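Visitor: I have the sequence and the model up on screen. Walk me through some of the residues and helices, please, and take it slowly.

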Amino acid sequence: MPRHLSGIQPSGLPHLGNYFGAIAQHVAVSTTADAAQQDALFFIADLHALTSVHDRAVLEENVRSIAATYVALGLDTERAVFFRQSDIPEVTELLWLFLTVTGMGLLERAHSYKDKVARGLHASAGLFTYPVLMAADIVIYDADIVPVGHDQIQHVEMAQDMVTHFNTTYGGEFLKRPDWRLSPTPKVPGTDGAKMSKSYNNAIWIFDEGKSLKKSVNAIVTDSRLPEEPKDPDGINAYALLELFLDEAERADWRARIQKGGVGYGHLKGALMEKMDARFGQARGAYQELMRAEAGQRRLEDTLARGAAAARPLAQATLARCFDAVGMGNAGRRLRRS
Ligand code: ADP
Ligand code: TRP
């Protein structure tokens with residue numbers, strides 16, 4: 001299969017948007033990947049997280065939490081390479097080579113940068129050049145396909161542009177052009193109907209339970225129509241969230257009942273909570289165990305170290321090729337020896 005690669009920032013607990021937009025596809029890809037071909041690589045983008053997290057303890061906790069989330073949700077770490085971005089120092093060297101062939105105009109058009117600045121995030125040079133580091137992340141492992149949510153498409157397209165610039169500047173096919181791939185549910189709405197995001201205060205956390213889960217599900221905005229009124233399922237946010245969990249037959253059944261009349265918003269919210277418990281209950285237990293126990297922490301560290309050892313030679317080979325291309329072949333040869 002083509003080589004799949006994706007990264008996830010350790011910037012807080014995962015919500016339904018992260019799960020259905022990105023994590024679920026990563027886990028699914030990992031279960032059919034061929035380990036010998038290294039055709040699935042997933043990493044924790046801790047260097048990217050430094051654009052928003054400047055607290056050592058918080059960063060460490062978040063990295064652990066994302067690693068535990070993926071393992072608890074069933075990422076097959078025997079078949080897929082699972083590692084930490086900062087364990088591969090070659091990525092930041094490729095970042096510099098890319099920075100020197102990337103126009104300011106390209107970066108100035110980034111929606112994600114503009115959105116983050118509009119929301120008041122400090123506009124550091126790191127935040128501005130975020131897509132260049134992301135391009136280095138993708139290209140250094142010769143990735144073919146990048147499974148992401150809708151908001152990351154532009155970043156992958158920028159990586160395509162950087163590959164083209166690098167290859168034409170140095171006159172050769174040194175780097176592979178990646179493609180993005182969306183999950184079947186690339187735009188999960190939040191409780192207010194806007195895109196679910198941890199920064200919009202509209203998220204439902206996948207491992208939430210009990211009263212706290214009930215509180216966030218109850219926050220899903222509804223109108224005053226009565227249960228018996230026939231409704232269009234496509235206009236109901238609580239149904240859009242429930243539908244993420246439904247198979248074909250269940251979907252047809254719910255849709256017919258909502259259209260006919262007799263389904264209230266409370267009913268939909270209750271069904272959503274049941275589905276969440278059924279889907280995430282077991283993983284939630286595994287997650288809590290991995291986070292709590294010393295042995296859990298060691299297991300995660302071992303897994304990430306093994307992943308880094310598998311990923312690094314790929315990065316070294318690409319970087320050596322690039323150093324050669326720009327006229328620093330000696331550096332490339334030194335690298336190949338180390
Ligand atoms: P957030 O917006 O909460 O900060 P991130 O930017 O960390 O989320 O996104 C992590 C991954 O989850 C990305 O691949 C992103 O495309 C995906 N994702 C985030 N929010 C959603 C959403 N509401 N629907 C679908 N995918 C999403
Ligand atoms: N920018 C991505 C996000 O916020 C995370 C990321 C970093 C990534 N490097 C990547 C995703 C490389 C795909 C490929 O979710």
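Visitor: Let's begin with glycine 171: buried or exposed?
Guide: Its place is in the loop between H9 and E5; helices (H or I, at least four residues) and strands (E, at least two) are DSSP runs, numbered from the N terminus. On the scale used here, buried is under 20% relative accessible area, exposed is over 50% and partly exposed is in between (1.4 Å probe, protein chains only). Glycine 171 has a relative accessible area of 64%, so it is exposed.

Visitor: What kind of model is this?
Guide: Residues count from 1 along each chain as its sequence is written, chains are lettered from A and ligands numbered from 1 in the order written, and side-chain values use heavy atoms, leaving out hydrogens and water. Local features need pLDDT of at least 70, side-chain atom pairs count only at pLDDT 80 or more, totals for chains, interfaces and linings use all residues, and the model itself is predicted.

Visitor: Back to glycine 171: what phi does it take?
Guide: You'll find this glycine just after H9. In H9 itself, buried residues include Ile153, Val156, Met162 and Phe166. The phi of glycine 171 is positive, at about 65 degrees.

Visitor: And how many Å separate glycine 171 from isoleucine 220?
Guide: Along the sequence they are 49 residues apart. In space, going C-alpha to C-alpha, glycine 171 and isoleucine 220 are apart by 54 Å.

Visitor: Which residue in the loop between strand E5 and helix H10 has a positive phi although it is not a glycine?
Guide: Most residues other than glycine have a negative phi. This one takes about 60 degrees, and it is exposed, with a relative accessible area of 76%. The loop runs between E5 (179-182) and H10 (210-218), and the residue there is asparagine 201.

Visitor: Where does aspartate 142 lie?
Guide: Aspartate 142 is also no glycine, and its phi is positive at about 55 degrees. Look for it in the loop between H8 and strand E4 (145-148).

Visitor: How many residues of H8 are buried?
Guide: The helix is mostly covered. Among its buried residues are Tyr130, Pro131, Met134 and Ile138, and also the charged-looking name on the list, Asp137. The count for H8 is 10 of its 10.

Visitor: H4 packs on H8, so is it roughly parallel or oblique to H8?
Guide: Axes are lines fitted to C-alpha atoms, for helices over the stretch in contact, with angles from 0 to 180 degrees between N-to-C directions. H4 (residues 90-99) and H8 (residues 130-139) have axes 8 Å apart, at an angle of about 120 degrees. Under 35 degrees counts as roughly parallel, over 145 as roughly antiparallel, 65 to 115 as roughly perpendicular and the rest as oblique. That makes the arrangement of H4 on H8 oblique.

Visitor: How many charged residues does the contact of H4 with H8 have?
Guide: Contact means heavy atoms within 4.5 Å; Val91, Leu94, Leu95, Phe98 and Leu99 of H4 meet H8 residues including Val132, Leu133 and Asp137. For the classes, Ala, Val, Leu, Ile, Met, Phe, Trp, Tyr, Cys and Pro are nonpolar, Asp, Glu, Lys and Arg are charged, and the others, Gly among them, are polar. The split is 10 nonpolar and no polar, and the charged count is 1.

Visitor: How does H4 run relative to H14?
Guide: The axes of H4 and H14 (residues 294-326) come within 10 Å and cross at roughly 30 degrees. That makes H4, relative to H14, roughly parallel.

Visitor: And how many nonpolar residues are in that contact of H4 with H14?
Guide: From H4, Glu90, Glu93, Leu94 and Leu97 take part, meeting H14 residues such as Arg312, Gln316 and Phe323. By class there are 3 charged residues and 1 polar, while the nonpolar ones number 7.

Visitor: Glutamine 38: buried or exposed?
Guide: It sits in the loop between H1 (16-30) and E2 (40-44). Leaving aside neighbours within four places in sequence, glutamine 38 is in contact with Arg3, Val81, Ala310, Ala311 and Leu314. Its relative accessibility is 18%, so it counts as buried.

Visitor: Last one: what is the relative accessible area of arginine 181?
Guide: Arginine 181 is in strand E5. Not counting residues up to four places away in sequence, it touches His4, Gln25, Val29, Ile145, Val146, Pro147 and Val148. Arginine 181 comes out as partly exposed, with a relative accessible area of 33%.
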